[in-house]
Amino acid sequence: MTENHSDKQDVLEIKARQWLWDRGVTENDIAELVYLLQCQYHTDLDIEICKYNVDRVLAKREVQNAILTGIQLDILAEKNMIEEPLLQILKKDEGLYGVDEVIALSIVNIYGSIGFTNYGYIDKQKPGILKILNDKSSGKCHTFLDDIVGAIAAAASSRLAHRTANTE
């Protein structure tokens with residue numbers, strides 16, 4: 001079911017996918033979140049279907065822009081290249097900051113309102129790769145990345161739900 005569209009990928013998409021990989025996030029990691037969100041609603045769901053939907057979300061320009069922006073801000077915070085007091089806010093991933101969620105919501109919006117509930121659920125639960133990204137002991141800053149990954153999974157789940165509803 002998955003199509004290879006690498007010949008259609010432009011520089012921005014390739015870079016966004018590479019930066020995810022470089023930060024330790026694979027399409028399979030995100031697909032596992034999609035599976036968690038959707039398995040109770042689709043008896044025949046498998047990880048390949050989830051990966052296909054993640055792949056389609058990653059092909060969206062809005063998503064690529066969010067990935068590149070968020071990861072760049074995380075990297076700048078790790079390198080102490082952001083001025084205080086913002087630097088400590090990002091390094092601590094302070095709960096009241098919220099800009100990281102705003103960027104993530106630009107991804108969630110792509111496939112409708114069902115994405116909000118999917119996103120809210122996994123943002124609170126922090127399953128799978130999200131738990132790893134939220135581990136502050138790694139020395140890495142993933143203030144934006146964890147929300148972006150959760151949003152990609154939520155959008156892919158929404159895409160899957162919409163596609164299934166239209167075929168049944």
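Is Ile89 buried, partly exposed or exposed? The legends below describe close-up views of a predicted model, beginning with this residue.

**View 1. Ile89 in helix α5 and its contacts.** Ile89 is part of helix α5. With a relative accessibility of 22%, Ile89 is classed as partly exposed; the cut-off for a buried residue is under 20%. Leaving aside residues up to four places away in sequence, Ile89 touches Glu94 and Tyr97. Val63 is 26 residues from Ile89 in sequence, and the C-alpha atoms of Ile89 and Val63 are 24 Å apart in space.

**View 2. The aromatic pair of Tyr97 and Phe144.** The structure contains one aromatic pair. Tyr97 and Phe144 form this pair in an edge-to-face arrangement, with 6.2 Å from centre to centre and 90° between the ring planes. Tyr97 is located in the loop between α5 (86-92) and α6 (99-108), and Phe144 in the loop between α8 (129-133) and α9 (145-167), so the pair ties together parts that are 47 residues apart in sequence. Tyr97 is partly exposed, at 22% relative accessibility, whereas Phe144 is buried, at 1%. Tyr97 is also one of the residues that Ile89 touches.

**View 3. The buried face of helix α6.** Asp100, Ile103, Ala104, Ile107 and Val108 are the buried residues of α6. When α6 is seen down its axis, these buried residues fall within an arc of 155°, and they therefore line one face of the helix.

**View 4. The salt bridge between Arg17 and Asp55.** The structure holds 10 salt bridges. In one of them, the side chains of Arg17 and Asp55 meet with an N to O distance of 2.9 Å. This pair links distant parts of the chain: Arg17 belongs to helix α1 (residues 11-22) and Asp55 to helix α3 (residues 47-58), and the two are 38 residues apart. Arg17 and Asp55 are both buried.

**View 5. Lys126 with Asp123 and Asp146.** Lys126 forms a salt bridge with Asp123, in which the side chains meet at 2.9 Å, N to O. Lys126 is partly exposed, with a relative accessibility of 24%, while Asp123 is buried, with a relative accessible area of 18%. Lys126 also forms a salt bridge with Asp146, for which the closest N and O atoms are 3.9 Å apart. Asp146 lies in helix α9, and Lys126 in the loop between α7 (114-125) and α8, so this pair ties together parts that are 20 residues apart in sequence. Asp146 is buried, at 4% relative accessibility. Elsewhere, salt bridges that share partners join Glu13, Arg17, Glu27, Asp55 and Arg56 into one network.

**View 6. Polar contacts of Asn53 in helix α3.** Asn53 lies in helix α3 and is buried, with a relative accessibility of 3%. What does the side chain of Asn53 reach at 2.9 Å? The partner at that distance is the backbone oxygen of Ile49. The side chain of Asn53 also makes a polar contact of 2.8 Å with the side chain of Arg159. With residues up to four places away in sequence not counted, Asn53 touches Ala156, Arg159 and Leu160. Helix α3 also carries Asp55, the partner of Arg17 in the salt bridge of View 4.

**View 7. Cysteines and the absence of disulfides.** How many disulfides does the structure hold? The number is zero. A disulfide is a covalent bond between the sulfur atoms of two cysteines. The cysteine sulfur closest to that of Cys39 belongs to Cys50, at 8.5 Å, which is too far for a bond; the cut-off for a disulfide is within 2.5 Å. Cys39 is partly exposed, with a relative accessibility of 33%. Cys141, in contrast, is buried, with a relative accessible area of 5%.

Conventions
Residues numbered from 1 in each chain as written. Predicted model: local features only at pLDDT ≥ 70, side-chain atom pairs only at ≥ 80, totals over all residues. Heavy atoms only, no water. Buried < 20%, exposed > 50% of the residue type's maximum accessible area, 1.4 Å probe, protein only. Phe/Tyr/Trp six-rings, centres within 6.5 Å; stacked < 30°, edge-to-face > 60°. Contact = heavy atoms within 4.5 Å. Arc of directions from axis to C-beta. Salt bridge = Lys/Arg side-chain N within 4 Å of Asp/Glu carboxyl O. Polar contact = N/O pair within 3.5 Å; in protein donor to acceptor, adjacent residues only side chain to side chain.
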